Amino acid sequence: MATFLHRLGLGAFRHRVAVVAVWLIALLGVGAGAATLSGETVNTFEIPGQESTTALRLIDERFGDTSGGAGAQVVVQAPDGAEVTDPAVAGPLTQLVTELGQLPGVVSATDPLDPRNPTVSPDLRAAYSTVTYGVPAPEITEEQQDALRAALEGARDAGLTVEATGEATVEPFHLGGTAEAVGVVAAFVVLGLTYGSLVAAGMNLLTAVVGVAIGALGITTLTGFTDLQSTTPILAVMLGLAVGIDYALFIFTRFRHELRDGRDVRDAVAVATGTAGSAVLTAGTTVVIALAGLTVAGIPFLTEMGLAAAGTIVVAVLVALTLVPAVLGLVGLRALPGRARRALTHEGGRHVEVADAHGTGRGVYAGWVRTTTTRRWASLVAVVVVLGIVSLPVASLRTTLNQLPADDSTQARAQTILSERFGAGVTGPLVLLVDGEGAPERAAAVAAEAAELPGVALATPPQPNADATAALVTVVPTTGPDTDETADLVQALRDRLAADEADGTAGATESYVTGTTAVSVDVSQTLDRALPVYLVLVVGLAFVLLVLVFRSVLVPVVGVLGFLLTIGTTLGATTAVFQWGWLGFLGLAETTGPLLSLAPIIVVGILFGLAMDYQIFLVSRMHEAHAHGADPLRAITTGFRQAAPVVVAAAAIMFSVFAGFVPEGDATIRPIAFALAVGIFADAIVVRMVFVPAALALLGRRAWWLPRWLGWLPVLDVEGTALERERPARAVAPAR
C-alpha cells in the first residue's frame, strides 16, 4: 500500500497544476448540480414495515391533502377571570380561526368552539385550533411561517395569550452559519500555531474546505432525486470538515518532517503520501466502514445518513491523497517556518529535533509520555476510574423522536398551556386508523374500547373519509409522549386491536395505531435493539483492522478497550447534560429530556472511526520505531513524541468544529455535536495520550506479539517501512 501511494503522490506532484484544476472543475460541477437539481429535505422518520409507518401511508391515500401536510396547533388562553366561551374572548378567537384558514398554504383550520368536535379545556380557560398545511414541513416557506406569526400577533393585540406549536412552526437549520465559521476560524488558529506558517495553515484548510464543499454539494444535489433527512447535510459537513482538515494535517506534518530530514520537495511529497497517506487511507476506510455499517439497523433513513456521510469521507480521503500532494508541490519549502527554510536553503543542513541521552527528547510531550510509562499502573487506574464515573449516567439513557422545544420559544409556551389545561397527553396523541368496509361503525367500537383502557384520557368520535372506507380515532393518553406509560399504552392498544381481529370482532376491517408518538416508540425501540448489534459489529471490525495494521493481538485489545471507555464517557456526559440538565448554567441544553433516538448509534459510528484514526496515527509511529529496532519502551516514547503533537492538534481542530455546533445547532444537532466534542476530548487526550501508552508500556514486548498461526495475514505496511529502507534521505533541492 505504501509503495502504491508513494507513486500516487509522485504523480500528483509531477502533474500538480492539472490535479488542482481537476478538483476545481469537480467543485464547480457539483456546485452547479446543487444549484439546479437539489430538492427539499424531510423531517419524517419512518421504518418500512412498521405498523405506524404503514398506517401513515394508508391515511395519506384515504384522506388526501388534509392528512399529508404539516400541522400546527394554535393555542389560545383567555385572560385571568375569563373563559374562552365568553363573548369578549369567543369573538377574537373565531376571527383568529377564520384568519388562520385563509393563510397562504393552509388547507384547513379547525374551530375549537365547534360543538361537534370542540377542543376546549375542561376549565374553559384554553382552546386550540389545528392548522393543516397542504405540504410537508420542509416545503413550508418562510413567508408562510411569517404569515402565521403575524396572525398570532394580531390575536395577542386583542388581549389573548396565543402560542403555536407543531412541525409547521419549526424553523429549518441552514448550512453556512456561525457554527461552520467558528470551526473554520478555530481550525486556522490551531493550524497556524502547529505549523508556524500561515501559508501551510491556509493551504491545509483550503484543501479540506474543497473536499467538504464537494461532499456537501453532492449531498444537496442528491436531495433532488431521493428523500434525505434534513440533518444529513449538516452531519456530513460537520464530520467532513473535521476529518478533511485532520487528514491533510497528517500529510502536511509528515511532508515537513521529511523536508527537515533532508529530502527535496519532490521526494518529501512522495514519501509523505506513501507513509502518512497510508495511515490516512486506513483511517478513512475505518470511518467509511463504521458509517456504512449503520445499515445493520435496517432503517432506510439511517442508512441514507450513514452512506451520505461516508461519501463525504471518501471525498476527504481522495483530496488528501491527490490534491494535498499537488498543493504541497506548489507550496514547496514555504510549508516550513522561516527559520527552518533558511536552515535548509542557506545552511544546507538538516533541521533535526534535539533528543536527550536516552533518546526520549525534551519538552512537554516527552515529559508526558515519560510520566505515563513510568507510572503506568497509576495512569491506567486513574483513566478507568475517571472515565468510569463520567460513564455512570448512561445507565439511565432514554431516547425519543419527540424533541422538546427551547424553553423561551412559542412552541414551549404552547405545550405548557396544552399540558396544564388539557393534560400531558394532548401534546402527543395517538391516532387509530380503521381501514376497510364498515370502517365508521367499527371505529366507533374501537373508540369505546380504547376509552376503557388504563392511561387513556380521551378517545374522540370517529372521523370517516369521504367514501366511508376509513375512519380515524384520536386517543389522548393521560401521560406525556416520552413516558414509558405511553409506550405501554401503544402496545396495549395494538394487543387489543389484534385480539379483536383474531376473534372476528373486527369484521372486514383492519386497525392500526400510529401518530407521531407511536412512530417515536417504534423507531426508538428499533434503534435500541440495533445499537448493541452495531456496537459488536464496529468493535469486531476495529479488532480485525488493528490486527492487520499492527500485526499484533494485544494492541487491538488496548485500542478496543479504550474505545469502549470513550463511548461510555460520551453517552454518559451527554445524558447528564441534555437529559438530567447538568451544567445548565452554561446554556448547553435549551431544554432537558430524552435524547434523540438517532443520537447514540450515530455518535457510536462516528466516534468509532475517529478513535481508530487516533489509534492508527499514534501507534503507527510507535510501531515504526519498533520495526526499526527500538526496544519496546523507547519505541513508545519515540513514536509518542513524534505523533502526539499532531494528534493533539487534530483533536483540537475536531473539538472546535464539533463544539461550534453546540450553541448554534438546532435541537437535533446540538446533543450530537456535544457528544462528539466530548468524545474527541476523552479519546484523544485521555484514552490515546494516557491509557494507550501506559497499557503498551505495561505489556512490553508482548504488545507486538502475533501468534504463528496468524503469520499468513497480509502486511499492510501502514508506516511505510519499505520506503524508508529503499529511499535514504536526499540533499535538499528546489522543486521542479
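Is T400 buried or exposed? In this predicted model, T400 is buried, because its relative accessible area is 2%, which falls under the 20% limit for that class. The residue belongs to strand β5, a short run covering residues 399–400. The side chain of T400 meets the side chain of D482 in a polar contact at 2.7 Å. D482 also appears among the residues that T400 contacts once neighbours within four places in sequence are set aside. The others in that list are S520, S524, P594, L595, L596 and S597.

From this one buried threonine, the description can turn to the nonpolar interior. In soluble globular proteins, nonpolar side chains tend to be buried together. Here, the largest nonpolar core holds 158 residues, and the members that touch the most others are Y247, L302, I601 and F658. Helix α23 supplies the largest share of this core, with 20 residues. A second core, separate from the one just described, has 28 residues, including A78, A82, V131 and L160. To return to I601, its contacts, leaving out residues up to four places away in sequence, are with L294, A297, L302, L527, A530, L531 and Y534. L302 is thus a partner of I601, and L302 is itself listed with the core members that touch the most others.

Helix α23, which spans residues 669–699, also packs against helix α19, residues 554–578. The two axes lie 8 Å apart and meet at an angle of about 145 degrees. The crossing of α19 over α23 is right-handed. In the contact of these helices, 20 residues are nonpolar, seven are polar and three are charged.

Two residues are worth a look for their backbone geometry. Most residues other than glycine have a negative phi. L124, however, has a positive phi, near 60 degrees. L124 sits in the loop that links β2 (106–109) to β3 (126–133). A468 likewise shows a positive phi, of about 60 degrees, without being a glycine. The loop that carries A468 runs between β8 (463–464) and β9 (470–477).

How accessible are these two loop residues, L124 and A468? L124 counts as partly exposed because its relative accessibility is 30%, a value between the limits of 20% and 50%. A468 is placed in that class too, because its relative accessibility is 35%.

Conventions:
Residues numbered from 1 in each chain as written. Predicted model: local features only at pLDDT ≥ 70, side-chain atom pairs only at ≥ 80, totals over all residues. Heavy atoms only, no water. Axes fitted to C-alpha atoms, helices over the stretch in contact; angles between N-to-C directions. Helix = DSSP H or I, 4+ residues; strand = E, 2+ residues; numbered from the N terminus. Left-handed = near helix turned anticlockwise from the far one by under 90°. Nonpolar A, V, L, I, M, F, W, Y, C, P; charged D, E, K, R; others polar. Buried < 20%, exposed > 50% of the residue type's maximum accessible area, 1.4 Å probe, protein only. Polar contact = N/O pair within 3.5 Å; in protein donor to acceptor, adjacent residues only side chain to side chain. Contact = heavy atoms within 4.5 Å. Core = buried A, V, L, I, M, F, W, Y, C linked by side-chain atoms within 4.5 Å.
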